[in-house]
Amino acid sequence: MSELATETWTEVCRKSQLSPGTGVCALVKGKQIAIFWEGISDQIFALSNYCPFGKVNMLSRGLIGDFKGELMVASPLYKQRFSLQTGQCLDDESVSIPTYQVKIEGDAIKIAA
Amino acid sequence: MERIIVVGNGMVGHHFIDQLIQQDKLGQVQVTTFSEESRLAYDRVQLSSYFSGKTADDLMMTSPEYYDEHGVQYFVNDKVIEVLPEEKIVVTASGRRESYDKLVLATGSYPFVPPIPRPEDKAAEENILVYRTIEDLEAMTKSGENSKVGVVVGGGLLGLEAAKALKDLGMETHVVEFAPRLMAVQVCDGGGAILRTKIEELGVKVHTEKNTKEIVAGENTRYRMNFADGSSLDTDMILFSAGIRPQDQLARETGLELGPRGGIVINNQCQTSNPDIYAIGECALWEGKIFGLVAPGYSMAKVTVDHIAGEQAKEFAGADMSTKLKLMGVDVASIGDAHANTEGALSYSLSDEARQVYKKVVTNAAGDRLLGAVLVGDADDYGNWLQLFLNDMPLPVAPEYLLVPSSEEGAAAAMGVDSLPDSAQICSCFDVTKGQICQAVRDGATTMGDIKATTGAATGCGGCSALAVQVMNAELENLGVEVSNDICEHFAHSRAELADIVRVKKIKTFEQLLSEHGKGHGCEICKPAVGSILATFWNDYVLKDDHISLQDTNDIFLGNMQKDGTYSVVPRIAGGEITPDKLIVLGEVAKEYDLYTKITGGQRVDLFGAQLHELPKIWSKLIDAGFETGHAYGKSLRTVKSCVGSTWCRYGVQDSVGMAILLENRYKGLRAPHKIKFGVSGCTRECAEAQSKDIGIIATEGGWGLYVCGNGGMRPRHADLFATDLDDVTLMRYIDRVLMFYVRTADRLQRTSVWLENLEGGVDYLKEVVIEDKLHICEELEQNMHHVVESYQCEWKSTVNDEKKLARFSQFINADEPDNNLQYVRERGQRRPATEEERIQTIEIVEAP
Ligand code: SRM
Ligand SMILES: Cc1cc2nc3c(=O)[nH]c(=O)nc-3n(C[C@H](O)[C@H](O)[C@H](O)COP(=O)(O)OP(=O)(O)OC[C@H]3O[C@@H](n4cnc5c(N)ncnc54)[C@H](O)[C@@H]3O)c2cc1C
Ligand code: SF4
Ligand code: FES
């Protein structure tokens, strides 16, 4: 997840637009990126919005929580869980999805993609 | 290969064959069975449930397929009329001749009809009946259709069951008994008196000490029964239930030894006077006794299987005739020597006329062993007392304290299952001991489902299930296994416990519940479950900031997500009734947004393919036209299916559409552990399929019949009849209570059908809670429901009026574009998602230069 030279920070939205415990989707350079605000630990995560199982762009609409301490999102269609930290699928070792770096400046949420 | 012929395919004959199958002995023997009846074995014990909604098919205990699969030969409608013991051949009414090596007579018994002078014509054949077979039930139903009054002759166990059946058929019902009290065999005077009061309260008229002299044609009714004391009774239908007689005619003609008053004499191996012929079940006479219950017959079947297989056979050693039943909703139980006939026996009794409960215990002279007991009105002590009796255990307290368990001394009488010996029989239907249940647990069983599958316990009458659960849990505990029904890793509580915590501590948010009673961050299991519980009790707007993160995607966007990530739109169409104008609006909206349109299985219209940003616009239009959300996405009330009912239908007896709309509007906001569906039919033809719904209502002349806990779907279940002849207000009151009790106590994602099947005590217990208010919670349940009804809001209406909430309804937070991944093709004039193949083709076309 190192920041590559070609990646630049894009402001996608304001934190005040979000609700804790939920996700939204942002369009960054043609990529659909799901952004989650985990309320209890007050962290923001960004990962691909595309669910490789359902083959649909909708992970941002999944429920988040933890599985044995690992923060995760559960896909809305068939309920596979993905780590918010690493994008690793927790139900199928062979699958993982891209994650993106996030930084918060004031109220602005910025993504490197 | 040895050939076995089983004469009679009743409960015991079938059990014998099934034992051979279960014990894998069919490789060694060839089995043939004959039945005089038109179908294979069915559950005679549950016969009365036919009148509360069970069908002949529901009662079947086996099937032609099952017998075929295991190579069992069977002939129905073919009575065995002759046995040639020398040649070892049986001859049947149809002329079939089959040879045997071993013959098993399982011919059962027949109802005794006293030789009373009576009309002997076709009408008498149709209206003077007995109660033993499915054909008898059909005849009763038919006669019931044109009879107003029915009399049951015989006030024993079966007679009272039959009386219940007549009551269910809507007749004015009388019971005529020769003895001075009801159930003379099982209960004593004190118990009989309370039983009588209770049964009369239910509207059945009881006439004791009546000896019927003759049956003659009646004046205003079909018949008049004249009694020896000069009195008489007018009736349209007469049902004899005056005892049973062993069916021993074939044995008699074969020359087998019979008892002086009938019955085929057998030894401890169940052999008759001819060692190659066995007799089992109600036709057999052992030590001068006939056993009129199914469990002893099953034991005989087992003994016979062992003996024929030449195994170290268990001997038949008699059977305990203790019984516990619910007769017309009244608990009645009798154990051992109920009449204190044993020499020196002492009896203690308690007759509580206020609670209408009668209890009696019979002990030995020393007062430290239980010899017998009678319970009427409240039989909760039956299980414990039976164990004290069967295992000859020292009484834990002085006998008089057994009668008053609410006292401190009495409390000590509730013994733990640990004190039972391993040999204690827990399930008498299938002769399962405590030791066998414990062994099953040691072999890995952890649920009642496992116990049922491995030992058969609790799969018969079900009377032992509470005790079996206790034995299982105690053994699990002994093994150090934690019995966990925790909802997930974040809460060490079941859903029902969480519901109690939320309700009692008035917890309003998930965060509060998690911090006070859970750990971690929650997950996709506990969040929606708690969301549902909070909604049940407080009924806030589900998208309120506190709750929004709890909702599954369907609830969060108030629509069901489809395979391509778009949503469906299902407005409520209560009862399936819709005006042409509203129908036109649905068409217009669907056309404008190019939504795929389909009539659902729930009598309404589903519009598919709406994108996130389109949902609020679509719903605004629908709301303006007077529609509301249909909660197709929620674990909540879906539809109340109706038939057109008395408004148009020539058979309808009540306004089923009106009732369906009323109910749908009443319960539409209720969040529950799973979805809930209703059906309301305007007459017994049942066009709304109410008996396959969670709550089913069928109109009758006298009001509404309420059925509960049916299910379609993956594992269909017929709903149970719960109450009859209800007026509108009582109907709703019962539904309020049933549903609230369900939402409080069910597990996550448990439909009412599964909930009921797991509810200890089953539908009878549910009736006690809801109708008799056994737990004293009915008022509270009604208040809870009242709150839900009063605080209803259409979630879509609240959402389209809230700017901030509307912001969520777009594919991107930072761009005004749709999802570019969506692709459609047209089929039969409508739009549908492109299949994967079709997508690849489209992409190729796009990319080709
Ligand atoms: C649309 C509809 C099929 C249709 O085209 O007719 C339908 C569609 C779905 N059904 Fe159904 N069921 C529909 C009538 C039924 C019926 C018939 C009925 O209600 O009379 C049944 C059997 C009756 C019953 O529930 O007892 C039925 C039994 C199920 C089940 C199995 C439930 C069970 O207890 O076994 C599921 C799965 C579940 O809920 O876990 C299910 C689940 C679903 C889901 C939610 C599957 C899913 O998760 O995506 C479908 C969502 C469709 C949508 O987006 O709205 N659907 N489903 C029907 C909508 C009725 C309505 O107006 O609300
Ligand atoms: C309404 C009702 C309620 C009951 N409730 C209970 C209860 O709660 N608990 C309990 O333990 N018991 C109960 N019983 C009793 C229980 O049903 C019987 O004990 C049980 O059915 C006996 O089984 P069986 O196989 O011996 O006889 P059956 O089930 O009567 O089977 C005998 C079969 O053999 C057939 N047959 C007879 N002669 C011939 C022949 N020559 N050729 C071919 N076929 C022949 C008959 O037609 C019949 O089908 C109840 C009975 C009734 C009627
Ligand atoms: S039956 Fe299956 S495929 Fe058809 S609507 Fe119901 S859930 Fe969907
Ligand atoms: S005692 Fe009847 S099922 Fe166990």
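I took a polar contact to be a pair of N or O atoms within 3.5 Å; within protein, one must be able to donate a hydrogen and the other to accept it. The model I examined is predicted.

**Entry 1: the interface between chains A and B**

I looked up the polar contacts first. Between chain B and chain A, I found 14 residue pairs in polar contact, both residues being at pLDDT 80 or more. I then asked which helices of chain B contribute to the side that touches chain A. Both α18 (526-538) and α19 (545-548) of chain B supply at least two residues each to that side. By residue class, the side of chain B that touches chain A comprises 12 nonpolar, 13 polar and 12 charged residues.

Next I checked the extent of the contact. On chain B, 37 residues are in contact with 40 residues of chain A. The size of an interface is often given as the accessible area lost when the parts come together, and I therefore recorded that value as well. The area buried between chain B and chain A is about 2900 Å², and carbon and sulfur atoms give 54% of this area. In chain B, the residues that lose the most area to chain A are His521(B), Glu524(B) and Ile813(B); together they account for 25% of what that side buries.

I also searched for salt bridges and noted a count of one between chain B and chain A. Arg81(A) forms a salt bridge with Glu524(B), and their closest N and O atoms are 3.8 Å apart. Glu524(B) thus appears twice in my notes, here as a salt-bridge partner and above among the residues of chain B that lose the most area to chain A.

**Entry 2: the surroundings of ligand 2**

I turned to ligand 2 and asked which residues come nearest to it. Of the 28 residues around ligand 2, these are Val12(B), Glu37(B), Arg132(B), Glu282(B) and Val294(B).

I then noted individual polar distances. A polar side-chain atom of Arg44(B) is 2.9 Å from an oxygen atom of ligand 2. For Met11(B), a polar backbone atom lies 3.3 Å from an oxygen atom of the ligand. Val80(B) has a backbone N or O atom 3.0 Å from a nitrogen atom of ligand 2.

How much of ligand 2 does the protein cover? I read 92% of the 1000 Å² of accessible area that ligand 2 has on its own. The elements giving two or more residues to the shell are α1 (11-22) and α6 (157-168) of chain B. With three residues, α1(B) gives the most. I recorded the composition of the shell around ligand 2 as 12 nonpolar, nine polar and seven charged residues.

Terms used: Residues are numbered from 1 along each chain as its sequence is written. Chains are lettered from A and ligands numbered from 1 in the order in which they are written. This is a predicted model: local features need pLDDT of at least 70, side-chain atom pairs count only at pLDDT 80 or more; totals for chains, interfaces and linings use all residues. Side-chain values use heavy atoms; hydrogens and water are left out. Contact means heavy atoms within 4.5 Å. Buried area is the accessible area (1.4 Å probe) that two parts lose on being put together, summed over both. A salt bridge is a side-chain nitrogen of Lys or Arg within 4 Å of a carboxyl oxygen of Asp or Glu. Helices (H or I, at least four residues) and strands (E, at least two) are DSSP runs, numbered from the N terminus. Ala, Val, Leu, Ile, Met, Phe, Trp, Tyr, Cys and Pro count as nonpolar, Asp, Glu, Lys and Arg as charged, and the others, Gly among them, as polar. A residue is near a molecule or strand if one of its heavy atoms lies within 4 Å of it. Accessible areas come from the Shrake-Rupley method with a 1.4 Å probe; for residues, only the protein chains shown count as cover.
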